[in-house]
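Please open the structure in a viewer and keep the selection tool at hand. The tour below proceeds stop by stop, each with something to select and something to examine.

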Amino acid sequence: MNFLEERILKDGIIKPGNVLKVDSFLNHQMDVKLLDEIGREFHRRFKSEKITKVLTIEASGIAIAYPVAREFDVPLVFAKKAKSVNIDGDVYVAEVESFTHKNKNQVIVSKKYLSPEDNVLIIDDFLANGCALQGLVSIVESAGASVAGLGIAIEKGFQIGGRVIRNLGYRLESLAIIESMDDQKGTIVFKEQ
Ligand code: 5GP
């Protein structure tokens, strides 16, 4: 079991509706040493790629992506949730349905911060149905840039996102893949990697 799986077992809380709360160390209060370790682990896994930018989505992706960008010594760009009235031609746009809030958001990245020369590592905290990642991939592709890979802290392997992204041919690395979790019994089973 790796460091993140151990921490999920210790401090993760399973909620009804297939939601895992990690508020005490990732999503509300943050364990900055754990985040540093996550940064080092993604760097170890993707260091053979010539990453030029790290891309994530606000808000909870930023904390995970920050130590990754620092390890690679490249800029971190985060897609912003935007009101459609504010969108002008200077941005790349994607529509993303929120797994936790069940609403749709348009997310934007300024054209200034992604270009065809970029080789982008996409990072997020959770992977469920894959909407957030597909939105980020489509933004990278709109920019004519390349997706070097995708790094996820916690993939819920019993939801479809991981399969969708891998079937599209992208390299997806998840630090912890949950095979099943039971909110009644409080049990979590990880996929062996
Ligand atoms: P997807 O777009 O893959 O359906 O969902 C991914 C996004 O939803 C992530 O950016 C994450 O913020 C949120 N999310 C999905 N599942 C969970 C979960 O079980 N717990 C938490 N805290 N966030 C989740």
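The stops that follow begin at the ligand and then move through the surrounding protein. Please bear in mind throughout that this is a predicted model.

**Stop 1: the ligand and its shell**

Select the ligand, which sits in the largest pocket. Then display the 17 residues around the ligand; those that come nearest are Leu20, Asp124, Asn129, Gly130 and Lys156. Which elements each supply at least two residues of this shell? They are strand S2 (19-21), strand S7 (119-127) and helix H5 (131-142). Of the contributors, S7 gives the most, with 4 residues.

Next, show the side chains of Asn27, Ser60 and Asp124 in turn. For Asn27, a side-chain N or O atom is 3.1 Å from a nitrogen atom of the ligand. For Ser60, a side-chain N or O atom is 3.4 Å from an oxygen atom of the ligand. For Asp124, the corresponding distance, again to an oxygen atom of the ligand, is 2.8 Å. Taken alone, the ligand exposes 500 Å², and the protein buries 91% of that.

**Stop 2: Ile122 in strand S7**

Remain with strand S7 and select Ile122, which is found there. Is Ile122 buried or exposed? Because its relative accessibility is 0%, Ile122 counts as buried. Leaving aside neighbours within four places in sequence, Ile122 is in contact with nine residues to display: Leu55, Leu133, Leu136, Val137, Val140, Val147, Gly149, Leu150 and Gly151. To gauge the distance to another part of the chain, select Asp36 as well: Asp36 and Ile122 are 86 residues apart in sequence, and their C-alpha atoms are 17 Å apart in space.

**Stop 3: Val147 in strand S8**

One of the contacts of Ile122 is Val147, which lies in strand S8. Val147 counts as buried because its relative accessibility is 18%, and the cut-off for buried is under 20%. Apart from neighbours within four places in sequence, Val147 is in contact with Asn119, Val120, Ile122, Val137, Val140 and Tyr170. For a longer view along the chain, add Glu37: 110 residues separate Glu37 from Val147, and the C-alpha atoms are separated by 23 Å.

**Stop 4: Lys53 in strand S3**

Now select Lys53, which lies in strand S3 (residues 53-57). Lys53 is buried, with a relative accessible area of 14%. What does the side chain of Lys53 reach? It reaches the backbone oxygen of Tyr113, at 2.9 Å. Beyond residues up to four places away in sequence, Lys53 touches several others, among them Val74, Leu114, Asp118 and Leu121.

**Stop 5: three loop residues**

Follow the chain to Ala59, in the loop between S3 and helix H4 (60-72). Inspect the peptide bond from Glu58 to Ala59: this bond is cis, with omega near 0°.

Then select Asp73, in the loop between H4 and strand S4 (76-82). Its phi is near 60°, a positive value in a residue other than glycine. Asp73 is exposed, with a relative accessible area of 69%.

Asn18 is found in the loop between strand S1 (13-15) and S2. Phi of Asn18 is likewise positive, near 60°. Asn18 is partly exposed, at a relative accessible area of 34%.

**Stop 6: helix H1**

Select helix H1 (residues 3-11) and colour Phe3, Leu4, Glu5, Arg7 and Ile8, which are buried. In an α-helix there are 3.6 residues a turn, so residues three or four places apart point the same way. The buried residues of H1 pack against S2, helix H2 (23-27), helix H3 (32-46), strand S8 (146-156), strand S9 (172-182) and strand S10 (187-190). What caps the N-terminal end of H1? Asn2 does so, with a side-chain oxygen 3.0 Å from the backbone nitrogen of Leu4.

**Stop 7: Ile188 in strand S10**

Finish with Ile188, placed in strand S10. Ile188 is buried, with a relative accessible area of 13%. Not counting residues up to four places away in sequence, Ile188 touches Ile8, Leu9, Ile14, Leu20, Ile178, Ser180 and Met181. Among these partners, Ile8 is one of the buried residues of H1, and Leu20 is among the residues nearest the ligand. As a last selection, add Ser142: Ser142 and Ile188 are 46 residues apart in sequence and 38 Å apart in space, C-alpha to C-alpha.

Notes: Residues are numbered from 1 along each chain as its sequence is written. This is a predicted model: local features need pLDDT of at least 70, side-chain atom pairs count only at pLDDT 80 or more; totals for chains, interfaces and linings use all residues. Side-chain values use heavy atoms; hydrogens and water are left out. Buried means under 20% relative accessible area, exposed over 50%, partly exposed in between (1.4 Å probe, protein chains only). A polar contact is a pair of N or O atoms within 3.5 Å; within protein, one must be able to donate a hydrogen and the other to accept it, and residues adjacent in sequence count only if both atoms are side-chain atoms. Contact means heavy atoms within 4.5 Å. A residue is near a molecule or strand if one of its heavy atoms lies within 4 Å of it. Accessible areas come from the Shrake-Rupley method with a 1.4 Å probe; for residues, only the protein chains shown count as cover. On a 1 Å grid over the protein atoms alone, a cavity is a set of points where a 1.4 Å probe fits but cannot get out, and a pocket is an open set with protein on both sides within 12 Å along at least five of seven lines; lining residues have an atom within 4 Å of a point. A molecule sits in a cavity or pocket if more than half of its atoms lie within 2 Å of its grid points.
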